[in-house]
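Grab a pencil and work through these exercises with the structure open beside you. Try each task on your own before you read its solution.

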Amino acid sequence: GTTGSGGDNGLGLAYRLAPWGQNWIFSPLYSFLGGANGQNPLPEIIGPKRALYGAADGGIQSCGSSGNQYCGVVYRLGLTIACSTALCSWTENVIYRFTGDPDGWSPNGNLVFDEAGNLYGTTVSGGANGYGTVFELTPSNGGWTEKVIYSFTGGSDGATPTTLLVGHDGNLYGTAANNFFQLAPTGGGWTLQVLDNLGYLASPLSDLVQDSSGNLYAIGTITWYGYLGSPIPTGIIVKVSYSDWGLTTIAIAEDIYYVD
């Protein structure tokens, strides 16, 4: 896992928890260095050769309205040599540094691999329209080649995508500004279809989960107005059915103000 701060440099840490009898052993794997090497990492996934892949702040400092924000990076963490103890050192390799418009910037949410070893993720900013992107990283000649496969327009397709899932059918599924969407490869490109709209009351928070029937599930929040009209965000679990892509609410938390 990762922490968004802390570590040797206060810029984030990758760690491992390993079972030991009835307890767990905590092992720090890598402390992020900041700047071009990335900082404040997002959650990681395990990729080929048991390496860890994730996105983080940092990289090129040329994004944002003032041009002084970091654009973000995608990184790989792996062991330098074969090792079986908890004291092995891990090294970081930044596999891509975002460059800003029309490229995406400010990666957010999870990364996902497809069966061919391509890596996909989202950025909440940048792209052709400035409303965020879905990007693809393809292994190429010992490195990685990045391509924006969809730029959000801020209209009916949504904006600021936050999570992705590779479905059982090989299509990409995700959430963007209250929308559930599908991205399907078509004719050398990708076509986006909005599956359902959550409306202004709810927004997805969690990674998507898909069951064996193809239905999608996510945790989000819905705002109630309680005593004296004060807003109260409450946890909600929603399901998007594969048969008709219809949205249903399957659970609403009681007496819980926030669910993540």
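**Exercise 1. Find the hairpin of strand 10 and strand 11, and look at its turn.**

Step 1. Strand 10 and strand 11 make a hairpin, with 5 residues between them. In the turn, Gly117 has a positive phi of about 90°. Strands here are DSSP runs (E, at least two residues), numbered from the N terminus.

Before we go on, a word on the ground rules: this is a predicted model, where local features need pLDDT of at least 70 and side-chain atom pairs count only at pLDDT 80 or more, while totals for chains, interfaces and linings use all residues. Residues are numbered from 1 along each chain as its sequence is written, and side-chain values use heavy atoms, with hydrogens and water left out.

Step 2. Now check the pairing: two strands pair if DSSP finds at least two bridges between them. Strand 10 (residues 104-113) and strand 11 run antiparallel, joined by 6 bridges. Pro107, for example, has Thr123 in strand 11 as its bridge partner.

**Exercise 2. Follow the chain from strand 11 through strand 12 to strand 13, and say how they are joined.**

Step 1. Strand 11 and strand 12 run antiparallel with 5 bridges, and Thr122 stands opposite Val134 in strand 12. The hairpin between these two strands has 6 residues in between, and Gly127 in the turn shows a positive phi of about 90°.

Step 2. Strand 12 and strand 13 are antiparallel too, with 8 bridges. Leu137 has Glu146 in strand 13 as its bridge partner. Just 2 residues lie between the strands of this hairpin, where Asn141 takes a positive phi near 50°.

Step 3. Is strand 11 (residues 119-126) enclosed or open? Buried means under 20% relative accessible area, exposed over 50%, and partly exposed in between (1.4 Å probe, protein chains only). For strand 11, 8 of the 8 residues are buried, so it's largely enclosed by the rest of the structure.

**Exercise 3. Track down the salt bridge and work out which parts it ties together.**

Step 1. Look for a side-chain nitrogen of Lys or Arg within 4 Å of a carboxyl oxygen of Asp or Glu. By that rule you get 1 salt bridge. The side chains involved are those of Lys147 and Glu136, at 3.9 Å from N to O.

Step 2. Lys147 sits in strand 13 (residues 143-151) and Glu136 in strand 12 (residues 133-140), so the pair ties together parts that are 11 residues apart in sequence.

Step 3. Compare their surroundings. Lys147 counts as partly exposed at 42% relative accessibility, whereas Glu136 is buried, with a relative accessible area of 9%.

**Exercise 4. How many disulfides does the whole structure have?**

Step 1. Search for cysteine sulfur atoms within 2.5 Å of each other. You'll find 1 disulfide.

Step 2. Cys63 and Cys71 form it, with their sulfur atoms 2.0 Å apart. The link of Cys63 and Cys71 is right-handed, with 100° about the S-S bond, and both residues are buried.

**Exercise 5. Describe the open sheet of 4 strands.**

Step 1. Write down the order, which is 14-15-16-17, with antiparallel pairing. The edge strands are strand 14 (161-166) and strand 17 (189-197), since each pairs on one side only.

Step 2. Zoom in on one pair. Strand 14 and strand 15 (residues 172-176) are joined by 5 bridges, and Leu165 has Tyr173 in strand 15 as its bridge partner.
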